[in-house]
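User: I'm new to reading protein models, and I keep running into words like "buried" and "salt bridge". Could you walk me through how such labels get earned?

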Amino acid sequence: MRVFATAVLMALVFPVSAQQGTETVEALTVTVGANHAPPYRIIEGGEPTGLYVDIFQEIADRLGWKVHYREAPFRRVLRMVQQGEVDVMLGPLETAERTELMEFVAPAFPPERRLFFYLNAENRIERYADLYGRAIGILEGASYFSRFDTDDKLLKEPAPRYENLMLMMQKGRVDVVIAPELVGLYAVEKLGLDVKVSPFFVPGERSYIAVAKNSPVLKYADDIRAALKLIELEGIHEDLVLKYMDRFAE
């Protein structure tokens with residue numbers, strides 16, 4: 001059934017004249033702007049990998065694309081999108097401000113809880129109101145959830161990486177760090193810190209493959225969606241998600 005569904009999808013979406021293997025469009029070199037944020041985007045120390053990178057590479061392979069990565073802090077990547085220096089971002093949440101810069105082409109990545117990490121018991125977060133009066137470490141340029149992002153009464157201290165935020169907490173410069181679940185757990189494990197997770201959390205939203213509106217890649221948005229559908233039908237998408245969830249959520 002899976003093979004049949006894949007064949008039908010390819011016949012409907014991919015013109016016969018364009019099919020050479022699974023390639024569907026002209027060969028492109030796509031520049032992806034990405035901040036180093038394991039286990040989603042592991043950009044340093046060798047060949048880029050991570051959950052988001054591996055999923056996008058599967059899509060690119062089916063389209064016959066070459067992928068080039070440019071590593072930069074998250075806020076800088078957003079500027080690179082605006083300036084036409086990169087074509088794609090992997091994993092941003094959709095916001096009104098970002099939709100002016102990017103087309104959110106496909107919700108390719110699973111939702112993930114936003115957790116509040118702490119060291120000292122007095123900084124344990126039981127409810128949203130407990131955040132007031134505490135210094136909260138956030139990633140520069142990141143979006144977490146609407147109420148939090150727009151709450152000017154909260155004291156937010158930015159840094160370019162989650163490892164930096166955890167070290168700031170260790171040094172007493174922030175009381176709490178908010179982070180997506182796997183990224184936060186990875187940073188804590190890497191640093192070897194005795195960090196705890198508050199019982200209060202916020203459910204996550206699916207994050208996207210986003211293409212810059214000033215990029216020529218945008219005209220292939222339908223091809224990206226079709227290739228994503230293929231790897232979902234083939235079970236590859238689920239296998240990659242489970243691989244990283246099993247590894248980092250123990």
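Analyst: Sure! Two strands pair if DSSP finds at least two bridges between them. Keep in mind that this is a predicted model. Now take β6 (residues 135–139) and β8: they share two bridges and run parallel. Two bridges meet the "at least two" cut-off, so β6 and β8 count as paired. In one spot, glycine 137 has valine 177 of β8 as its bridge partner.

User: What makes β5 and β8 a pair, and in which sense do they run?

Analyst: There are five bridges between β5 and β8 (residues 176–180), in the antiparallel sense. The cut-off is at least two, so they pair. If you want a place to look, tyrosine 118 is bridged to valine 176 in β8.

User: And how do you know that β5 pairs with β9?

Analyst: Same kind of reasoning: four bridges connect β5 with β9 (residues 196–202), and these two are antiparallel. At least two are needed, so this is a pair as well. Here phenylalanine 117 sits opposite valine 197 of β9.

User: What sheet do these strands build, and in which order do they come?

Analyst: It's an open sheet of five strands, ordered β7-β6-β8-β5-β9, with mixed pairing. β7 (155–159) and β9 are called edge strands: each of them pairs on one side only. On average, neighbouring strands of the sheet are turned by 30° against each other, ignoring direction. Helix α6 (residues 181–191) lies across β5 and β8, at about 125° to β8.

User: Why is β5 called mostly covered?

Analyst: Count its residues: five of the five in β5 (residues 114–118) are buried. Arg114, Phe116 and Tyr118 point one way, while Leu115 and Phe117 point the other way.

User: What makes isoleucine 209 "buried"?

Analyst: Its relative accessibility is 0%, and buried means under 20%, so isoleucine 209 gets that label. You'll find isoleucine 209 in strand β10 (residues 207–212). Beyond its sequence neighbours within four places, isoleucine 209 is in contact with residues including Phe56, Val88, Phe104, Phe109 and Ile224.

User: How do you know that lysine 243 and aspartate 54 form a salt bridge?

Analyst: A salt bridge needs a side-chain nitrogen of Lys or Arg within 4 Å of a carboxyl oxygen of Asp or Glu. The N to O distance here is 4.0 Å, so the pair qualifies. It's a link across the chain, too: lysine 243 is in helix α8 (residues 236–248) and aspartate 54 in helix α2, 189 residues apart.

User: Why do those two get separate exposure labels?

Analyst: Lysine 243 is at 45%, between the 20% and 50% limits, so it counts as partly exposed. Aspartate 54 is at 16%, which is under 20%, so it counts as buried.

User: What makes arginine 62 and glutamate 234 a salt bridge?

Analyst: Their N to O distance is 2.9 Å, and the limit is 4 Å, so they make the cut. Arginine 62 belongs to helix α2, glutamate 234 to the loop between α7 (221–233) and α8, and 172 residues separate them. Arginine 62, at 13%, is buried, and glutamate 234, at 25%, is partly exposed.

User: How far apart are the closest N and O atoms of glutamate 163 and lysine 190?

Analyst: They are 3.8 Å apart, within 4 Å, so that's another salt bridge. Glutamate 163 is in helix α5 (residues 162–170) and lysine 190 is in helix α6. Lysine 190 has a relative accessible area of 52%, over the 50% mark, so it is exposed. Glutamate 163, at 10%, is buried.

User: How many salt bridges turn up in the whole structure?

Analyst: A search finds twelve. Some link up: Glu44, Glu71 and Arg161 are joined in a network.

User: Why does arginine 41 have no salt bridge?

Analyst: The nearest side chain of opposite charge is glutamate 71, at 8.6 Å, and the limit is 4 Å, so there's no salt bridge for this buried arginine. Arginine 41 sits in the loop between β1 (29–34) and α2 (51–63).

User: What makes its link to asparagine 35 a polar contact?

Analyst: The two side chains are joined at 2.9 Å, within the 3.5 Å allowed, so the label fits. A polar side-chain atom of arginine 41 also lies 2.8 Å from the backbone oxygen of leucine 90.

Conventions. Residues numbered from 1 in each chain as written. Predicted model: local features only at pLDDT ≥ 70, side-chain atom pairs only at ≥ 80, totals over all residues. Heavy atoms only, no water. Buried < 20%, exposed > 50% of the residue type's maximum accessible area, 1.4 Å probe, protein only. Lys, Arg positive; Asp, Glu negative; His and termini not counted. Polar contact = N/O pair within 3.5 Å; in protein donor to acceptor, adjacent residues only side chain to side chain. Axes fitted to C-alpha atoms, helices over the stretch in contact; angles between N-to-C directions. Contact = heavy atoms within 4.5 Å.
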